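Got the viewer open? Load the model, and let's walk through it one selection at a time.

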Amino acid sequence: MRGKYRMHHIVEVVILLLWMTGCRNVSPDSTNATEIGFRSAFLSPDSMGRFNNFADLVATGEAENNRFGVNVTFGNVNGDGYNDLLVTAPRYNDWQGKAYLYYGGENIDDKPDKIFTGEEIGDSFSSGGGPSAYLADINKDGFDDVIIGARKFYNSKGRVYIFYGGLNMDETADIIIEGHVKNSQFGHSIAVGDLNGDGELDIVIGANKFESYRGRAYLYYGPIASDTTVDKIFTGEATDDTFASSITARGDVDGDGCDDLLIGTLFWPKYTNRGRAYFYYGGSGTEMDVFPDIIFDAESGRDNFAVGLDLFDIDNDGYADILVSAREWGEGANASQGRAYIYWGSSRETMDNVADVTFTGEAFTNASFGGNTIYAGHVNSDPYGDIIIGAYNWHQRNRIGRAYLFYGGTRTSIDTKCDHIFHENKEPETNYGKEARLCDLNNDGLDDVVLAGYTYNNEQGRVWIYLNKPLSSK
């Protein structure tokens, strides 16, 4: 009897230690922030996270030094009703670069169905981090198209390639958009949205090294197939800012029927690494201007604010919300702890630049919470947007990596307690979670989780896919 009691006590102690490891509470220093808590994924019931603690599918790069997993994006390329997954490996063949397309389905596998390859060695095809690959239906034929940048093409003038999707698409580019200035790295970042509300998708392409790293972004109104002449140019404030290092245009923040544009500059001002995000309202016709309507600033210096961006309706009020991450937030023992912010979308008259919700990374881990990715989707059956945030430097900057899933809610009900932690990777120098996406790969109406770590096994790279499970699944 005494032995059974002792064993039971030991189990309780182990569970308590696991709970303490996964549940550090941090007191934020902002009055707009809500306290964050972490519930260990080992202890979360299936009904909470709906995810296993181990990946359902793992895809690994072809060889070492390829950096498979630098970019991960998704869309329905072959029109079968399932989202497909595109994973890039820009260091293939001395930076010639490759991108691998995996068709989604009930039995998705780890063998690529299409492979796209850069033109020349050194082009850095698919290598930008802002991101430089995107899937969207540019020509309105019902098939998403593959859009990939090559930022170092022709002395870093850069190029962007569009491959039309279809029942059996090929790997030959159908449209090529040329960069404008040498050494500008046109194609470092790509965003797609309907910025003028005409039903045609528009493309915004970033060149973050334009004019000694001042940075620029170029807007091309759709339909792209009939016109690749630039329509608007957005320019950074000063040299060394790296304007357009990150970019997104996938949401309508003010509810006017036009998507809006959010552009990040990680190193503003002048390589201080503080960071800034510039927000531009879309507008009908050509009325959208190139002057920022709202500027979002970091809390402190060296935050790397705006490394991750997204626009998504989290509280289900009909307005897309603004999501921004700052992977290097924190000082002293909490340096590089990291933070992420929600700014609630609303009418133009009431929109402001004060964070409404603040998520803070785990204390004392130097994990770079929020970098490179903050991304939203729907992982459960409620109408609220859910958020995935990577922390690729966890633990103690060893790059073992973690990713945190937060369920959305109304403005009054949302909390900042993590609902599921993905942390099956145990190997250092992997960057697990540096890319994180929510996307429905098996067409069950619930988003799955895709995490990538491009430095796995000497930069061979790896992608982990966690399929969403119904409440009754085990």
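**First stop: a pair of facing residues**

Select A207 and you'll find R216 of β13 standing opposite. Before moving on, a word on the model: it is predicted, with local features needing pLDDT of at least 70 and side-chain atom pairs counting only at pLDDT 80 or more, while totals for chains, interfaces and linings use all residues. Residues are numbered from 1 along each chain as its sequence is written, and side-chain values use heavy atoms, with hydrogens and water left out.

Now widen the selection to β12 (residues 202-207) and β13 (residues 216-220), which pair in the antiparallel sense over five bridges. Strands here are DSSP runs of E with at least two residues, numbered from the N terminus, and two of them pair if DSSP finds at least two bridges between them.

Zoom out again, and these strands belong to an open, antiparallel sheet of four with the order β11-β12-β13-β14. At its edges are β11 and β14 (232-235), each pairing on one side only. On average, neighbouring strands of this sheet are turned by 20 degrees against each other, direction ignored. For such angles, axes are lines fitted to C-alpha atoms, and the range is 0 to 180 degrees between N-to-C directions.

**Second stop: another sheet of four**

Jump to L309, whose bridge partner in β20 is V324. β19 and β20 (residues 321-326) are paired in the antiparallel sense over six bridges. They sit in an open sheet with the order β19-β20-β21-β22, again with antiparallel pairing. Why is one side of β19 and of β22 left without a neighbour in the sheet? β19 (305-312) and β22 (357-360) stand at the edges and have a single partner strand each, so nothing in the sheet flanks their other side. Here the average turn between neighbouring strands is 15 degrees, direction ignored.

**Third stop: a loop by β22**

Pick R348, in the loop between β21 (339-343) and β22. Is R348 buried or exposed? Its relative accessibility is 39%, so it counts as partly exposed; that class lies between buried (under 20% relative accessible area) and exposed (over 50%), using a 1.4 Å probe and protein chains only. Show D254, D256, Y281 and G282 too: R348 is in contact with them, leaving aside neighbours within four places in sequence. Contact means heavy atoms within 4.5 Å. Add G255, which is 93 residues from R348 in sequence but 9.1 Å away in space, C-alpha to C-alpha.

**Fourth stop: a buried asparagine**

Go to N431, in the loop between β27 (420-422) and β28. N431 has a relative accessible area of 0%, so it is buried. Residues it touches include Y392, R399 and Y454, not counting those up to four places away in sequence.

**Last stop: two pockets**

Select S127, G128, G129, H188 and N372, the residues nearest the centre of the largest pocket among the 26 that line it. A pocket is an open set of points on a 1 Å grid over the protein atoms alone where a 1.4 Å probe fits, with protein on both sides within 12 Å along at least five of seven lines; lining residues have an atom within 4 Å of a point. This one holds about 610 Å³ of space.

The second largest pocket has a volume of about 360 Å³. For its centre, select P131, Y134, T248, Y375 and R437, the closest of its 28 lining residues. Which strand gives the most to this lining? That's β15, with five residues.

How values were computed. Grid points are joined across faces, edges and corners, and a volume is the space filled by probe spheres set on the points.
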